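Student: I'm new to this structure and would like to get to know one part of it properly. Could you choose a part, look at it closely with me and then show me what lies around it?

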Amino acid sequence: MAEFRIEAALEAAIAEAARLLTQARSAVALTGAGVSVESGIPPFRGPGGLWTKFGEPPLDGYQRFLRDPAKAWRERLNPAEEWARGLHETLTGAKPNAGHQALAELESLGCLKALITQNVDDLHRQAGQQALLEIHGNHYKLRCLDCHTRFDPKHFPIDEENLPPHCPGCGGIVKGDTVSFGEPIPPQVLRGCYDAVLRCDCMLVVGTSATVFPAADFPREVRSNGGQVIEVNPHQSELRGVATLALCGPAGAVLQRLLEHARTLQAAA
Ligand SMILES: [Zn+2]
């Protein structure tokens with residue numbers, strides 16, 4: 001990616017954003033596909049998008065899983081459909097970028113209390129983010145559909161002769177953690193999001209126009225509670241009417257600069 005030059009107006013806006021973040025009591029980040037573009041993961045839709053290239057997963061994916069979980073598991077273990085193979089190959093090998101790293105650093109400075117992401121790519125966790133709420137699940141994890149416990153497949157042996165796998169805790173059917181089309185957001189994740197949003201007095205929205213439920217509610221909720229909403233996107237999005245401050249630029253460069261400002265402010269305090 002070409003070096004991004006931060007012009008004076010953007011620099012001033014970033015400094016203001018750092019001031020808002022370091023003064024907030026309970027800042028929360030909300031991220032989407034845009035934060036992972038610099039890791040080589042294109043968004044799902046639009047030109048060059050994953051679904052544009054590989055075709056879209058079935059819109060009734062969750063119903064299909066429930067109708068025949070064993071068949072869905074066989075397809076998961078040996079993906080034949082192009083969208084599933086394409087997604088897996090794109091995610092595997094992707095590494096956190098400067099944007100993910102800056103967000104994890106902002107958390108360790110105490111400037112972020114939680115991070116809500118729409119991404120399933122695991123890159124925030126790999127960057128070291130601790131208080132992480134994955135609305136759409138995690139491509140690499142498994143989840144019990146009854147008690148919602150999540151499992152790391154490394155410690156969850158799959159018996160291919162005995163599908164679907166069952167939860168050792170409650171006996172429920174275990175599914176991939178990624179939320180399929182038609183599947184409800186896991187309730188404890190949604191509750192965690194609303195708890196974080198309720199307390200949030202400054203939301204940093206990165207790489208998403210937050211138009212899809214439930215993410216669409218979050219910045220609006222923060223604004224109506226009197227909080228600040230800072231948007232980081234290459235171009236201002238549908239959030240225009242909601243954001244109190246827009247930082248137009250690629251996530252990696254903008255967030256690294258934001259982190260530097262936050263460090264300086266904290267050192268001076
Ligand atoms: Zn269970």
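Tutor: Happily! Let's look at how the strands are paired, and begin with the word itself: two strands pair if DSSP finds at least two bridges between them. Please keep in mind that this is a predicted model.

With that in hand, find the open sheet of 3 strands, in which the order is β5-β4-β6 and the pairing is antiparallel. β5 and β6 each have a single partner strand, so one side of each is left without a neighbour in the sheet. To see one pairing up close, go to β4, at residues 142-144, which is joined to β6 by 3 bridges in the antiparallel sense. There you can place L142 opposite G176 of β6.

Now follow the loop that runs between β5 (150-151) and β6 (174-176), where you will find P164. A cis peptide bond links L163 to P164, and its omega is about 0 degrees. Why is that worth pausing over? Most peptide bonds are trans, so a cis one stands apart from the majority.

Next, move to the other open sheet. How many strands does this open sheet have, and in what order? There are 6 strands, ordered β3-β2-β1-β7-β8-β9, and they pair in parallel fashion. At its edges are β3 (132-134) and β9 (245-248), each of which pairs on one side only. Going from one strand to the next, the twist averages 15 degrees. For a detail here, take β2, residues 114-117: its parallel pairing with β3 runs over 3 bridges, and I116 faces L133 of β3 across that pairing.

Helices pack against this sheet too. Helix α9, residues 217-224, touches β1 (27-31), β2, β7 (202-206) and β8 (228-233), and its direction makes about 155 degrees with that of β7. Helix α10 lies across β7, β8 and β9, and runs at about 135 degrees to β8.

Some of the loops here deserve a look as well. In the loop between β7 and α9 sits P214, and the peptide bond from F213 to P214 is cis, with omega near 0 degrees. In the loop between β2 and α7 (123-126) you will find D122. D122 has a positive phi of about 75 degrees, although it is not a glycine. Most residues other than glycine have a negative phi.

Let's stay with α10 and see which helices meet it. Two packed helices are described by the angle between their axes and the distance between the axes. For α1 (residues 8-23) and α10 (residues 251-268), the axes come within 8 Å and cross at roughly 55 degrees. Angles under 35 degrees count as roughly parallel and 65 to 115 as roughly perpendicular. Because their angle fits neither of those descriptions, α1 and α10 are oblique to each other. Their crossing is right-handed. On the α1 side, the contact is made by I14, A15, A17, A18, R19, L21 and T22, and on the α10 side by V254, R257, L258, H261, A262, L265 and Q266. Sorted by class, this contact has 9 nonpolar, 3 polar and 2 charged residues.

Then there is α6, residues 98-108, whose axis comes within 7 Å of that of α10, with a crossing of roughly 25 degrees. That angle is under 35 degrees, so α6 and α10 are roughly parallel to each other. This crossing is left-handed. From α6 come A98, G99, A102, L103, E105 and L106, which meet A251, G252, L255, Q256, L258, L259 and A262 of α10. The contact of α6 with α10 divides into 9 nonpolar, 3 polar and 1 charged.

Finally, step back to the whole chain. It is divided into domain 1 (7-40 + 94-136 + 185-269), domain 2 (42-93) and domain 3 (141-176). The C-alpha centres of domain 2 and domain 3 are 19 Å apart, and their contact takes 7 residues from domain 2 and 6 residues from domain 3. On the domain 2 side, helix α4 (residues 69-77) gives the most, with 6 residues. By class, that side has 5 nonpolar, no polar and 2 charged residues.

Notes: Residues are numbered from 1 along each chain as its sequence is written. This is a predicted model: local features need pLDDT of at least 70, side-chain atom pairs count only at pLDDT 80 or more; totals for chains, interfaces and linings use all residues. Domain bounds come from an automatic or database domain assignment. Two residues are in contact if their C-beta atoms, placed from the backbone, lie within 7 Å. Helices (H or I, at least four residues) and strands (E, at least two) are DSSP runs, numbered from the N terminus. Ala, Val, Leu, Ile, Met, Phe, Trp, Tyr, Cys and Pro count as nonpolar, Asp, Glu, Lys and Arg as charged, and the others, Gly among them, as polar. Axes are lines fitted to C-alpha atoms, for helices over the stretch in contact, and angles run from 0 to 180 degrees between N-to-C directions. Angles under 35 degrees count as roughly parallel, over 145 as roughly antiparallel, 65 to 115 as roughly perpendicular and the rest as oblique. A crossing is left-handed if the near helix is turned anticlockwise from the far one by less than a right angle, and right-handed if clockwise.
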